[in-house]
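Let's walk through this structure together, one neighbourhood at a time. Keep the 3D view open as you read, and turn it as we go.

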Amino acid sequence: IAPLRQAILDYGKNNSIAVYDWYEVAGGRGASSTWISHNLFAGDRVHHTHKGYNLEGRLVYDAIMDALRDNK
């Protein structure tokens with residue numbers, strides 16, 4: 001995951017494209033275990049539960065709103 005994440009972050013930076021770093025937002029390395037223990041992540045460590053998707057949606061919304069406020 002780390003090399004792929006870094007490539008995405010670098011591409012965004014080099015091309016002046018905003019990037020939402022879900023890996024960091026979710027808690028970084030080892031966070032999937034925490035999300036599973038809180039019933040936010042499915043056992044496959046790829047998909048969220050209903051509760052997890054609701055939280056992710058809220059976090060994305062908050063990030064977009066913060067970015068819009070910062071650009072005023």
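Leu4 sits in helix H1. This is a predicted model, and in it Leu4 has a relative accessibility of 55%, so it counts as exposed. What does Leu4 make together with Ile8 and Val19? These three residues form a nonpolar surface patch of about 260 Å².

Stay with helix H1 for a moment and look at Arg5, which also lies there. Side chains of opposite charge can pair when their charged atoms come close. Arg5 forms a salt bridge with Asp21, and the closest N and O atoms of the two are 2.6 Å apart. Asp21 belongs to the loop between H1 and H2, so this pair ties together parts that are 16 residues apart in sequence. Are the two partners buried or exposed, or something in between? Arg5 has a relative accessible area of 23% and is therefore partly exposed, while Asp21, at 16% relative accessibility, counts as buried; the cut-off for buried is under 20%.

Arg5 has a further partner: its side chain meets that of Glu24 in a salt bridge, at 3.8 Å from N to O. This pair links distant parts of the chain, with Arg5 in helix H1 and Glu24 in helix H2, 19 residues apart. Put the pieces together and you have a network of salt bridges that links Arg5, Asp21 and Glu24.

Now follow the chain into the loop between helix H1 (2–14) and helix H2 (22–26), where you will find Ser16. Its backbone deserves a look: phi of Ser16 is near 50°, a positive value in a residue other than glycine. Ser16 has 73% relative accessibility and so counts as exposed.

Where is the other residue to look at for its phi, Asn39? Asn39 is in the loop between helix H3 (31–37) and helix H4 (50–70). Its phi is positive, about 55°, although Asn39 is not a glycine. With a relative accessibility of 47%, Asn39 counts as partly exposed.

Asn39 also leads us to Thr49, which is found in the loop between H3 and H4. Which atoms bring the two together? The backbone oxygen of Asn39 lies 2.7 Å from a polar atom of the Thr49 side chain. Leaving aside residues up to four places away in sequence, Thr49 touches Asn39, Leu40, Phe41 and Ala42. Thr49 has a relative accessible area of 17%, so it is buried.

Our last stop is helix H4, home of Arg58. The side chains of Arg58 and Asp62 meet in a salt bridge, with 3.2 Å from N to O. Asp62 and Arg58 are four residues apart in helix H4, so about one helical turn separates them. Asp62 is partly exposed because its relative accessible area is 28%, and Arg58 counts as partly exposed because its relative accessibility is 47%. To place this helix relative to the start of our tour, compare Arg58 with Pro3: the two are 55 residues apart in sequence and 27 Å apart in space, C-alpha to C-alpha.

How many salt bridges does a search of the whole structure find? It finds four, among them the pair of Arg5 and Asp21, the pair of Arg5 and Glu24, and the pair of Asp62 and Arg58.

Conventions: Residues numbered from 1 in each chain as written. Predicted model: local features only at pLDDT ≥ 70, side-chain atom pairs only at ≥ 80, totals over all residues. Heavy atoms only, no water. Helix = DSSP H or I, 4+ residues; strand = E, 2+ residues; numbered from the N terminus. Buried < 20%, exposed > 50% of the residue type's maximum accessible area, 1.4 Å probe, protein only. Patch = residues over 30% accessible without salt bridge, like charges linked within 9 Å, V, L, I, M, F, W, Y side chains within 5 Å. Areas by Shrake-Rupley, 256 points an atom, 1.4 Å probe, with all protein chains shown as cover. Polar contact = N/O pair within 3.5 Å; in protein donor to acceptor, adjacent residues only side chain to side chain. Contact = heavy atoms within 4.5 Å.
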